[in-house]
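Reader: I have a protein model open in front of me and I'm not sure how to start reading it. Could we go through some of its features together?

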Amino acid sequence: MEPARRQLTRLFSDVFTAKGFDAKLGSVSVSDRPDLAQFQCNGALAGAKSLKRNPRELATEIIGAVEALASQRFPLNDRPNDQLKDATAKPFTLSIAGPGFINIVLHDELLVQFVRGQAADKARLGCEPTASPRTVVIDYGGPNVAKGMHVGHLRSSIIGDSIVRIYRFMGDKVIGDNHVGDWGTQMGMLICQLREKQPQLPYFDPGFSGTYPSESPVTLPDLEVMYPAASKRYETDETFKAEVLRATDELQSGRRGYKALWQHFVNVTVSDLTRDYEKLGIKFDYWLGESFYEERMPALVERLKASGLTEMSEGALIIPLANEQEPEMPPLILVKSGGGFLYHTSDLATCEYRVEHFKADLALAVVDARQTMHFKQVFKAARLTGLTGKCEFVHLPFGTMNGTDGKPFKTRAGGVLKLKDLIQMVNDEAKKRLGELAVDRPYSPEELEEIASKVGVATLKYADLKHNRSADYVFDLEKFAKFEGHTGPYLLYATVRIKSILRKALSQGLSAGKIIAPTRESERRLMLEMQRLADVLTMTYNEREPHHLCEYGFNVSQAFNTFYTDCHILRETDPDRQASWLALATLAHDHLEFALGLLGISVPDRM
RNA sequence: GUGCCCGUAGCUCAGCUGGAUAGAGUAUCGGCCUCCGAAGCCGAGGGUCAGAGGUUCAAAUCCUCUCGGGCACGCCA
């Protein structure tokens, strides 16, 4: 069943259209004044203006026409006995306020019909799949070899994972790809750095023809030290830079020892990454890193050359991208003056592969906002050269995670906080809180671990997802440890509390029944909130902004908590009402578990 | 220099396809556990929506400019 707002919009639009107005005027929104109404339509104001008429007069006319259709569009099919005498009851009441707003309040019986519709649809809670499913490749994660995951990698993984879940639920064919940074100049840096420290290793002996050791000469912690050091030298030390560039070229042109060494770097990094992703409950369908496109790049470059869109400039092969609209757009460097490839080229090859191999209709890249220019270039070049076909390429940028000082996040010591340390920290805090709360419910150590982990992951993910995707946001460790207010644990707490009530009800032989019309404001508010779900989900899907779903979960939690305090379910004496409340609580639980699920957050049975 | 993002309560953020009294959380203050889980609920105070113009019956929202912060701009990714 469609949410009330959408159905009302259709009704009002029909009326506006019939009167010769733009259908858009019929748009109904949730009321800005919940004290006055549940929904509102402002179309009469704009409509009256275009005809230079009195808006209140037009609003009156609209109301008349809407009411004439109302009972037919929204039949009240179940009137409780005490309302039989009111057989002419309208499905909603309309009124005019202020300069010409039309206010709408649903009849309680109609409100209940929406909620019952959801309750009858356990699997989808009334959310229809998209009418035109597409094949969608979603590129997220994107960690780099030699740099373990730190807080900066959280966003892409968490946001991307949620978008994957949402798209899948909406019926698209989704392919999640972790585009690992495993093939750039950074690899040359690592090779040179290691060669200086351990030149005796067989990987550096060009004459070596035997089998290289299966054991990696370095661990991830080694790499994490080597990379920043090498990176610094690369910028200041010209000799080192030249060596690095040569090593990179040699690696990319297949030097055996370097390739073997590179494989070790990748392996130690990936096995560590996999553990981090497991802790976060994040999975990928593919791990097609930059190196995967290695073989495809030379052929691609040849084809592009043949297309006549490339030219030589300062020794490099480029695709010029500046035009009248974008005179400042820098060219895309296809081949470096030294002969190597940059990530522009591998990204072009990636675009091509996603179109040709995956037959993507849509390709989303969940990548840091600082790469905006890069993607503009790549996508423009891909379009120019015809690589994109009919596929739509979209960069979904996200903002930087800053510390409380407003600068990119660092630990107190000034270092980069590793993801696993962060997870550990949040889990420890969760454990502490569990100890304070669960006095009469001692958990086994295993269950304690599991719950703490769920609470910790919920804290991290929710904190990240609740913010507007494209803006920078402040990552406040102190707040993370608090778990109060608008946080993941708040939503978990509400959900777990419902589970607890339902368990208790079951043990007392009580069961959920038919949801009946609300009699209290707290009950009405909970229903109103829940019937919005499909609307919110559609918005989240269209905008690719999971924070709408966070907001929704928070609102439902809040509405439930108020309802919970106001309506004591297990103590209720009217069995019909009690059964209805149990059904309402069950539905609230299902909504929360559903919304959290799409955010990638799982709910423990108790906490 | 060119371009992009941002500036809303002490702090962290929603709201931005223009609409009524700008909302949450947090912090502060005051209530609520013999009663389904108080990580909760109820209430109070707290705002020149950075500033100035403009468009409009109506601007936090659209346009222009200024100020302030962040980021990106050819051989790192």
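Reader: Let's start with helix α16. Which helices do its buried residues pack against?

Author: A good way in is to ask what a helix leans on. This is a predicted model, and in it the buried residues of α16 pack against α14 (445–465), α19 (547–566) and α20 (575–598).

Reader: Which residues of α16 are buried?

Author: Gly488, Pro489, Leu491, Leu492, Ala494, Thr495, Val496, Ile498 and Ala505 are buried in α16.

Reader: How many residues does α16 have, and how far does it reach?

Author: Compare the end-to-end reach with what the residue count predicts. α16 has 20 residues and spans 29 Å from its first C-alpha to its last, close to the 28 Å expected at 1.5 Å a residue. After α16 comes Gly509, with a positive phi near 75°.

Reader: What does α16 contribute to the surface near RNA strand B?

Author: Helix α16 (residues 488–507) gives the largest share of that surface, 8 residues. In total, 77 residues lie around RNA strand B, and Leu45, Gly184, Glu314, Asn468 and Gly485 come nearest. Sorted by class, the surface near the strand has 33 nonpolar, 27 polar and 17 charged residues.

Reader: Glu314 is on that list of the nearest residues. Is it buried or exposed?

Author: To decide, count the C-beta atoms around the residue; 12 or fewer within 10 Å means exposed. Glu314 is exposed because it has 7 other C-beta atoms within 10 Å. Glu314 sits in the loop between β7 (311–313) and β8.

Reader: What is there to notice about the phi of Glu314?

Author: Start with the general idea: most residues other than glycine have a negative phi. Glu314 has a positive phi, near 50°, and is not a glycine. Lys359 is also worth a look, with a positive phi of about 55° although it is not a glycine. Lys359 lies in the loop between α11 and β10 (362–368). With 14 C-beta neighbours inside 10 Å, Lys359 counts as partly exposed.

Reader: Where does Ala322 lie, and what does it touch?

Author: Ala322 belongs to the loop between β8 (316–319) and β9 (332–335). Ala322 is exposed, since 11 other C-beta atoms lie within 10 Å. Leaving out residues up to four places away in sequence, Ala322 touches Pro327, Glu328 and Met329. You can also set sequence against space: Ala322 and Leu332 are 10 residues apart in sequence and 9.9 Å apart in space, C-alpha to C-alpha.

Reader: And Ala146, is that one buried or exposed?

Author: This time the count must reach 20 or more for a residue to be buried. Ala146 is buried because 27 other C-beta atoms lie within 10 Å. Ala146 is found in the loop between β5 (135–139) and α5 (154–169). Setting aside neighbours within four places in sequence, Ala146 is in contact with Gln186, Leu190, Leu223, Glu224, Tyr227, Phe265 and Thr269. For distance, try Ala146 and Glu61: they are 85 residues apart in sequence and 69 Å apart in space, C-alpha to C-alpha.

Reader: How many residues of helix α17 are buried?

Author: Helix α17 (residues 521–530) is mostly covered, with 7 of its 10 residues buried. Those are Glu523, Arg525, Leu526, Met527, Leu528, Glu529 and Met530. The buried residues of α17 pack against α4 (108–119), α18 (533–543), α19 and α20.

Reader: At what angle do α10 and α11 cross?

Author: To describe a pair of helices, look at the angle between their axes. The axes of α10 (residues 296–307) and α11 (residues 343–356) come within 10 Å and cross at roughly 90°. The two helices are therefore roughly perpendicular to each other. On the α10 side, the contact is made by Arg296, Met297, Leu300 and Val301. On the α11 side are Thr345, Ser346, Leu348, Ala349, Glu352 and Tyr353. The contact residues divide into 6 nonpolar, 2 polar and 2 charged.

Reader: To finish, what does chain A look like overall?

Author: Its secondary structure comes to 20 helices and 13 strands. The C-alpha atoms of chain A fill a box of roughly 100 × 70 × 40 Å along the principal axes. Of the 607 residues in chain A, 44% are buried.

Conventions
Residues numbered from 1 in each chain as written. Chains lettered and ligands numbered in written order. Predicted model: local features only at pLDDT ≥ 70, side-chain atom pairs only at ≥ 80, totals over all residues. Helix = DSSP H or I, 4+ residues; strand = E, 2+ residues; numbered from the N terminus. Contact = placed C-beta atoms within 7 Å. Near = placed C-beta within 6 Å. Nonpolar A, V, L, I, M, F, W, Y, C, P; charged D, E, K, R; others polar. Axes fitted to C-alpha atoms, helices over the stretch in contact; angles between N-to-C directions. Parallel < 35°, antiparallel > 145°, perpendicular 65-115°, else oblique. Expected span 1.5 Å × (residues − 1).
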